[in-house]
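Trainee: Got a minute to walk me through this one? I'd like to start with a single strand residue and work outwards.

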Amino acid sequence: MREIIFDTETTGLDNRTDRIIEIGGIELFNHFPTGNTIHIYINPGDQKVHPDALAVHGITDEFLKDKKPFAEVAEEILAFFGDAKWIAHNATFDMGFINAEFARLGLPPILPDKVVDTLSMARRKNPMGPNSLDALCRRYGIDNSHRTKHGALLDSELLAEVYIEMIGGRQAAFGLSISGQSGQAARGEMVTEDDLLIAAPLERPRPLAPRLSPAEAQAHEALVARLGEKGIWAKYRSPN
């Protein structure tokens with residue numbers, strides 16, 4: 001099961017007139033991070049960043065001048081999300097903007113059954129609140145000290161950790177960091193099909209950990225081929 005934990009930043013609060021200026025997302029497969037991400041800044045055209053929004057995310061009109069408009073990145077966004085669930089904190093806000101942007105291009109909306117709202121989840125689990133992303137990070141012991149301003153990719157990384165906690169807790173070898181490693185690969189041990197982080201279809205698998213022996217590497221390549229035949233790739237990080 002593919003899921004994309006994502007976040008957007010916008011020029012303001014009204015999706016009828018304001019525009020998306022940043023989108024970031026983290027891919028999960030069976031609740032594990034694959035290392036696949038999307039992160040795009042977007043030119044909002046004539047719409048200027050509202051001062052209140054600027055205070056939240058710090059993204060200026062000047063910074064966005066040379067970025068592509070949404071029309072030129074919509075295909076990339078749709079290709080990345082594919083058939084995955086769209087998971088966001090206060091998803092009503094983010095999906096309102098996403099669907100407004102698609103409507104401007106004559107594209108169909110993302111339907112509610114493809115969307116998961118972690119804010120609604122948090123409110124069901126913690127009805128007394130607070131349930132902001134920062135509050136949830138504190139509740140689940142997730143370090144967000146580097147979050148001085150909102151940012152779509154950073155907030156997606158934090159939300160992915162929160163989401164994993166809300167659905168049952170972190171796995172023993174869970175590592176969300178983009179530069180993270182799977183526990184087996186980091187030690188250079190032989191990796192089995194059950195040990196691997198299973199990703200959605202990719203153009204090619206990640207490089208092998210260099211500590212594998214030739215025999216182990218050959219066995220691993222056979223495993224990767226089997227996974228490829230199933231339409232998925234086994235993917236993990238090199239320890240170096």
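Mentor: Sure. Keep in mind that this is a predicted model. Start with Asp7, which sits in strand β1, residues 2–10.

Trainee: Is Asp7 buried or exposed?

Mentor: Buried. Its relative accessible area is 13%, and the cut-off for buried is under 20%.

Trainee: Which residues does Asp7 contact, leaving aside neighbours within four places in sequence?

Mentor: Glu22, Ile23, Gly24, Asp94, Gly151, Ala152, Asp155 and Ser156.

Trainee: Where is Glu9 found?

Mentor: Glu9 is in strand β1 too. Glu9 counts as buried, at 7% relative accessibility.

Trainee: And what does Glu9 touch, not counting residues up to four places away?

Mentor: The list includes Arg19, Ile20, Ile21 and Glu22. His57 and Ile59 are on it as well. So are His150, Gly151, Ala152 and Asp155. Asp155 also turned up among the contacts of Asp7.

Trainee: What does UniProt place at Asp7, Glu9 and Asp155?

Mentor: The feature "binding site". That comes from an unreviewed UniProt entry, and such annotations may be inferred rather than shown by experiment.

Trainee: Why say those residues gather at one spot?

Mentor: They span 149 residues in sequence, but no two of their C-alpha atoms are more than 10.2 Å apart, so they come together at one spot. Asp7, Glu9 and Asp155 are also included in the lining of the largest pocket.

Trainee: Back to His57, from the Glu9 list. Which helix is it in?

Mentor: Helix α1, residues 51–57. His57 counts as buried, with 7% relative accessibility.

Trainee: What lies 3.0 Å from a polar atom of the His57 side chain?

Mentor: The backbone nitrogen of Ile59. Ile59 is also one of the residues that Glu9 touches.

Trainee: New topic. Where is Glu27?

Mentor: In strand β2. That strand covers residues 20–29. Glu27 is buried, at 2% relative accessibility.

Trainee: Which side chain does a 2.9 Å polar contact join to that of Glu27?

Mentor: The side chain of Arg2.

Trainee: How far apart are the C-alpha atoms of Glu27 and Ser156?

Mentor: They are separated by 9.8 Å, while the two residues are 129 residues apart along the chain. Ser156 was on the Asp7 contact list too.

Trainee: Now the backbone. Which residue has a positive phi near 50°?

Mentor: Asn30. Asn30 lies in the loop between β2 (20–29) and β3 (32–41). Asn30 is partly exposed, with a relative accessible area of 41%.

Trainee: Why flag a positive phi?

Mentor: Because most residues other than glycine have a negative phi.

Trainee: What about the phi of Asn90?

Mentor: Also positive, near 65°. Asn90 is in the loop between β4 (85–88) and α4 (91–104). Asn90 counts as partly exposed, at 33% relative accessibility.

Trainee: Last one. Is the peptide bond from Gly129 to Pro130 cis or trans?

Mentor: Cis, with omega near -5°. Most peptide bonds are trans.

Trainee: And where does Pro130 lie?

Mentor: In the loop between α5 (118–125) and α6 (133–139).

Terms used:
Residues are numbered from 1 along each chain as its sequence is written. This is a predicted model: local features need pLDDT of at least 70, side-chain atom pairs count only at pLDDT 80 or more; totals for chains, interfaces and linings use all residues. Side-chain values use heavy atoms; hydrogens and water are left out. On a 1 Å grid over the protein atoms alone, a cavity is a set of points where a 1.4 Å probe fits but cannot get out, and a pocket is an open set with protein on both sides within 12 Å along at least five of seven lines; lining residues have an atom within 4 Å of a point. Helices (H or I, at least four residues) and strands (E, at least two) are DSSP runs, numbered from the N terminus. Buried means under 20% relative accessible area, exposed over 50%, partly exposed in between (1.4 Å probe, protein chains only). Contact means heavy atoms within 4.5 Å. A polar contact is a pair of N or O atoms within 3.5 Å; within protein, one must be able to donate a hydrogen and the other to accept it, and residues adjacent in sequence count only if both atoms are side-chain atoms.
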